[in-house]
Amino acid sequence: MTKISVIVPCFNEQEMIPLFYPEVEKNFKKMESYEREYWFIDDGSTDNTLDELRKLSLSNPNQVHYISFSRNFGKEAALYAGLKATVGDYVVVMDADLQDPPKVLEDMINILETKKFDCVGTRRVDRRGEPVIRSFFSNAFYKLINRISSTNIVNGARDYRMMTRQMVNAVLSMTEYNRFSKGIFSWVGFRTKYISYENVERVAGNTSWSFWKLFKYSIDGITDFSEVPLSIASWTGVLAFMASILGMLFIVVRAIILPNSSVSGWASMVCIMLFIGGIELLCLGIVGKYIGKIYLQSKNRPIYIVKEKK
């Protein structure tokens, strides 16, 4: 019997756990020929998420499993832990907030069963109910990263997807510390078909993704899958150097032609110095971001630490 593994990263989802499982099972009832297992990953929740997972696991010991981290390691670590724990022929990644519609699962399975695709992903066709400023920056991020990276990331793509075991093994082979799953799913290749759906709002609880967290996550995505920021820093340095040479030549020529010219324009000189100093600090910051990632990778620390597993 074909087995389907469902990975559900959770962070402060105590209200959603009792709602999520029966809703997904209701859709799986139409596909009784498939064996199922659930892996809920508690990413260091501070509410009663772990208690809810314990109750759910006790009620369904052969089907529901969970991993609880010693602290919050982030969604990327939770996804990686879930992928490592699964044994299914097909693996699904879903959020616990039910914004990933379970009704799409049947279509995903049918597509993979044709053997024409290795992955079925999902993408939102609209961002209804989302703050306008967040939608603007999200669209801008996808446009930017697809321009500066060789790895194409579909606009509106969600982590919600179903993959074959072969693709999951390929993703697990990438053991990098700094992870950006949307990029990794695209980078490993394999044939992927996307299903579009309209945005679904949370059923209960509040999202843990603030604008600032999403911004930092987007920066990680850009630096993980593009070297263009480093190239910008390098070319900015070259242009600044050329400008300084031209400036020195101008001063020398002026001194030769007009030996008695007085030095003036201290305000403009200070502005130029501050401008060049700002560019230098910006370039150092870009280089420092990449060096920081190298530093963290070189430490070879575990991506996550498990406190409890069942």
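## From a buried helix to an exposed patch

Helix 3, residues 75–85, is largely enclosed by the rest of the structure, because 10 of its 11 residues are buried. This is a predicted model. The buried residues of helix 3 are K75, E76, A77, A78, L79, Y80, A81, G82, L83 and A85. Charged residues, K75 and E76, are among them. K75 also has salt-bridge partners to consider, and we return to that network below.

Now turn to the strands. Strand 2 covers residues 35–42. Of its 8 residues, 7 are buried, so strand 2 too is largely enclosed by the rest of the structure. What lies alongside strand 2? Strand 1, residues 3–10, is joined to strand 2 by 8 bridges, and the two run parallel. One pairing to look for is V8, whose bridge partner in strand 2 is F40. To get from strand 1 to strand 2, the chain passes through helix 1, residues 17–28. This β-α-β crossover is right-handed.

Strand 2 also pairs with strand 3, residues 64–69. Here 5 bridges join the two strands, which again run parallel. Y38 stands opposite V64 of strand 3. The chain makes this step through helix 2, residues 49–59, and the β-α-β crossover is right-handed. In a regular strand, side chains alternate between the two faces of the sheet.

The loop between helix 2 and strand 3 holds N60. Is N60 buried or exposed? At a relative accessible area of 21%, N60 is partly exposed, since the cut-off for buried is under 20%. N60 and Y38 are 22 residues apart in sequence. Their C-alpha atoms are 9.9 Å apart in space.

Next come the charges. Side chains of opposite charge can pair when their charged atoms come close. The model has 12 salt bridges. One of them joins K3 to E37, with the closest N and O atoms 3.9 Å apart. K3 lies in strand 1 and E37 in strand 2, so this pair ties together parts that are 34 residues apart in sequence. Both K3 and E37 are buried. The strands that carry them are also the ones joined by 8 bridges.

Helix 2 offers another pair. D51 and R54 meet in a salt bridge, 3.1 Å from N to O. Why can these two residues face each other? They are 3 residues apart in helix 2, so about one helical turn separates them. An α-helix has 3.6 residues a turn, so residues three or four places apart point the same way. D51 is partly exposed, with a relative accessible area of 33%. R54 is partly exposed as well, at 32%.

R54 has a further partner. R54 forms a salt bridge with E308, and here the closest N and O atoms are 2.6 Å apart. The pair links distant parts of the chain: R54 sits in helix 2, while E308 sits in strand 8, residues 306–309. They are 254 residues apart. E308 has 22% relative accessibility and counts as partly exposed. Elsewhere, salt bridges that share partners join K75, D95, D100, R158 and D159 into one network. K75 of this network is one of the buried residues of helix 3.

Two loop residues deserve a look at their backbone. Which are they? N12 has a phi near 55°, a positive value in a residue other than glycine. N12 is found in the loop between strand 1 and helix 1. At 27% relative accessibility, N12 counts as partly exposed. F190 also has a positive phi, of about 70°, although it is not a glycine. F190 is found in the loop between helix 7 (181–187) and strand 7 (192–197). Its relative accessible area is 30%, so F190 is partly exposed.

Finish at the surface. I272, F275 and I276 make a nonpolar surface patch of about 300 Å². F275 is found in helix 10, residues 266–299. How accessible is F275? Its relative accessible area is 56%, so F275 is exposed. Helix 3, where this account began, is by contrast largely enclosed by the rest of the structure.

Terms used: Residues are numbered from 1 along each chain as its sequence is written. This is a predicted model: local features need pLDDT of at least 70, side-chain atom pairs count only at pLDDT 80 or more; totals for chains, interfaces and linings use all residues. Side-chain values use heavy atoms; hydrogens and water are left out. Patches are made of residues with over 30% relative accessible area and no salt bridge: like charges are joined within 9 Å, nonpolar side chains (Val, Leu, Ile, Met, Phe, Trp, Tyr) within 5 Å. Accessible areas come from the Shrake-Rupley method with a 1.4 Å probe; for residues, only the protein chains shown count as cover. A salt bridge is a side-chain nitrogen of Lys or Arg within 4 Å of a carboxyl oxygen of Asp or Glu. Helices (H or I, at least four residues) and strands (E, at least two) are DSSP runs, numbered from the N terminus. Buried means under 20% relative accessible area, exposed over 50%, partly exposed in between (1.4 Å probe, protein chains only). Two strands pair if DSSP finds at least two bridges between them. A crossover is right-handed if, with the strands pointing away from the viewer, the path from the first strand over the helix to the second runs clockwise.
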